[in-house]
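Let's take a walk through this structure together, one packing arrangement at a time. Keep the 3D view open as you read.

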Amino acid sequence: METRYIRNFAIIAHIDHGKSTLADRIMGLTNTVSQRESSAQLLDDMAVEQAHGVTVKSRTVRNFYQAADGHEYEYNLIDTPGHVDFSYEVSKSLAASDGAILLVDATQGVQAQTVANLRLAMANQLTILPVINKIDSALADVDQTERQIRALSDQFATSPILKISAKSGEGVPAVLAAIKDVFPAPTGQTTAPLKALVFDSTYDAFKGIIAYVRIVDGQLLPTTNLQLMAQSQAVNNKEIGSFTPQMTPVSALNVGEVGYVVTGLKDPQLLRVGDTLTNRDQPTATALPGYAPAQPMVFAGFYPKDDRYTDLKLAIEKLALNDSSFQYAAEVSEALGPGFRCGFLGIFHLQIIRERLQAEYHLDVLTTAPNVTYRVHLKDGSEQLVNNPIKFPDFATIDFVEEPMTTATITTDNAVLGDVMQLADSHKGELVDMQNQGDLIELHYQIPISEIAYDFFNALKSISHGYATLETEFSGYELADVVKVEVNVNYAKVDALSFIVHREDAPAMTQQLVKKLKHTIPRKLYPMPAQAIVEGKAVARVDVPPLRKNAAVNGEKRSVSKKQALLRRQSINKRQAAVSDVKLSQEVFNAVLELSL
């Protein structure tokens, strides 16, 4: 198809504003899918997406639209997630687009993630088409929502704003017509050497790595010998095609078109999202700028159950290919054996990865407490970056520690402003600025990343009834008074339970911890002390009660002293035989997680 008849666009919206429903409606009106094939949230096909009702993975679909001017247009819709933890997926989708539909729910109005995604779209210099959804709802306030949109940017002050109901289809034909009129056609040279952006990828057990590409220059044919420019990696061109939304082979991909390439590569490390794909025989002179690597905000350990380390390793490698913001490295714990130290964009991202391991690969994993990266300065003048509490240096060698900070932008309604500020203050947040964003209030805080690593976002959602949203940006390191808490069970150190905490919080948190461990650590036939150790001193202790027959009341006629001696011998012998034989369940690690609530 001629380039002037191609439109590449994304839909950006807050969670539950109707983005997936609009995508379904567009596919239905363009006859991309038949009524028989159609289903709600068709592009959200992963089990975790359907379970949580959110888009996790970007999807692409090619639609053909018959316009009133008599021409057929190719609409490449690149779906985007709405949750803040998956903003990296949004940035990848927008880099392959030329325009974006800004979808706003008329019953909820503009929300913070709407603003965050709009900023991403503007940073990519995309043309924006504002659309108000759910106008047929009894709770819709269309006029107020329109005022909020126009207040977002000067470019919306006089531009038309479309009003639709994606559920019923009202107004959606006008959106289809506006896409060809508002969004620009791709630019590029058909005769130039092949230059294609790898904006996403997936892994197929039979075909290997499948790269999602946007053709910038040149033409991609099934016979083209390909090469990835970052590492000069040769690629076996097994198949090219487009998304309808299923993968469908085609005879060529031309300038501006979006499709896929079956590379035949089996090693997930060989392909990096953001790389440039070119013709090996006639390469392009310069590569595309690609993407800035994702910066993990939260780290946690994954350890296999039932000695399935090899299966976990393969599953994590494939997940890392499907989700380029997920990072991992192998590590070994004395208590749990071999596993992986994984980096995530947020706690919800961690939860999604865990659920995908279970749903797609049938793997249950033990997950250690999330933590962040600390910059530790030692007395000998050296410094270390530590993202694993196990590797935190001994307190006697530390000069001072710096912790990572984030600039948190919280956008909320005035009704819950006091509760939101109280939540931020309780997490050591320092208010920097407060301003209005239309009818919403925008708060800017400096907060330690460790304070928001677990459940801060969920707590924010809870107290604001789902309306407040959070946007974070790393702002550097600041001096912090933190200590390492080690956990000993039966006098044996359980390294996987170690965590870093601010010194002022250590007494209360360790007391809570040992009380929880008393009821979560599997009991044995003898009492086991559970201790929290800070800088070599036990600051909290509890005895896990024994699960055994009491020799003192066994009915035999023995003196009290002999019964006590028997109990002591039982305790000493069994304890010496199993000093480090502590089996830990996920409930034990959850006890550490819940300390952050």
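In which sense do strand 16 and strand 17 pair, and over how many bridges? In this predicted model, the two strands run antiparallel to each other, and seven bridges join strand 16 to strand 17, which spans residues 337-344. If you would like one bridge to look for, find Gln 327, whose partner in strand 17 is Gly 343.

Now step back to the sheet around this pair. It is an open sheet of four strands, in the order 16-17-15-18, with antiparallel pairing. At its edges lie strand 16 (327-333) and strand 18 (365-367), each of which pairs on one side only. Ignoring direction, neighbouring strands of the sheet are turned against each other by 30 degrees on average. Against this sheet packs helix 8, residues 347-361, which touches strand 15 (298-304), strand 17 and strand 18. The direction of helix 8 makes about 20 degrees with that of strand 15.

Next, turn to a pair of helices. Two packed helices are described by the angle between their axes and the distance between those axes. For helix 1 (residues 19-29) and helix 6 (residues 172-182), the angle is about 80 degrees and the axes are 10 Å apart. Angles of 65 to 115 degrees count as roughly perpendicular, so helix 1 and helix 6 are roughly perpendicular to each other. Helix 1 contributes Leu 22, Arg 25, Ile 26 and Leu 29 to the contact, while helix 6 brings Val 172, Pro 173 and Leu 176. Sorted by character, the residues of this contact between helix 1 and helix 6 comprise six nonpolar, no polar and one charged.

Technical notes
Residues are numbered from 1 along each chain as its sequence is written. This is a predicted model: local features need pLDDT of at least 70, side-chain atom pairs count only at pLDDT 80 or more; totals for chains, interfaces and linings use all residues. Side-chain values use heavy atoms; hydrogens and water are left out. Two strands pair if DSSP finds at least two bridges between them. Axes are lines fitted to C-alpha atoms, for helices over the stretch in contact, and angles run from 0 to 180 degrees between N-to-C directions. Contact means heavy atoms within 4.5 Å. Angles under 35 degrees count as roughly parallel, over 145 as roughly antiparallel, 65 to 115 as roughly perpendicular and the rest as oblique. Ala, Val, Leu, Ile, Met, Phe, Trp, Tyr, Cys and Pro count as nonpolar, Asp, Glu, Lys and Arg as charged, and the others, Gly among them, as polar.
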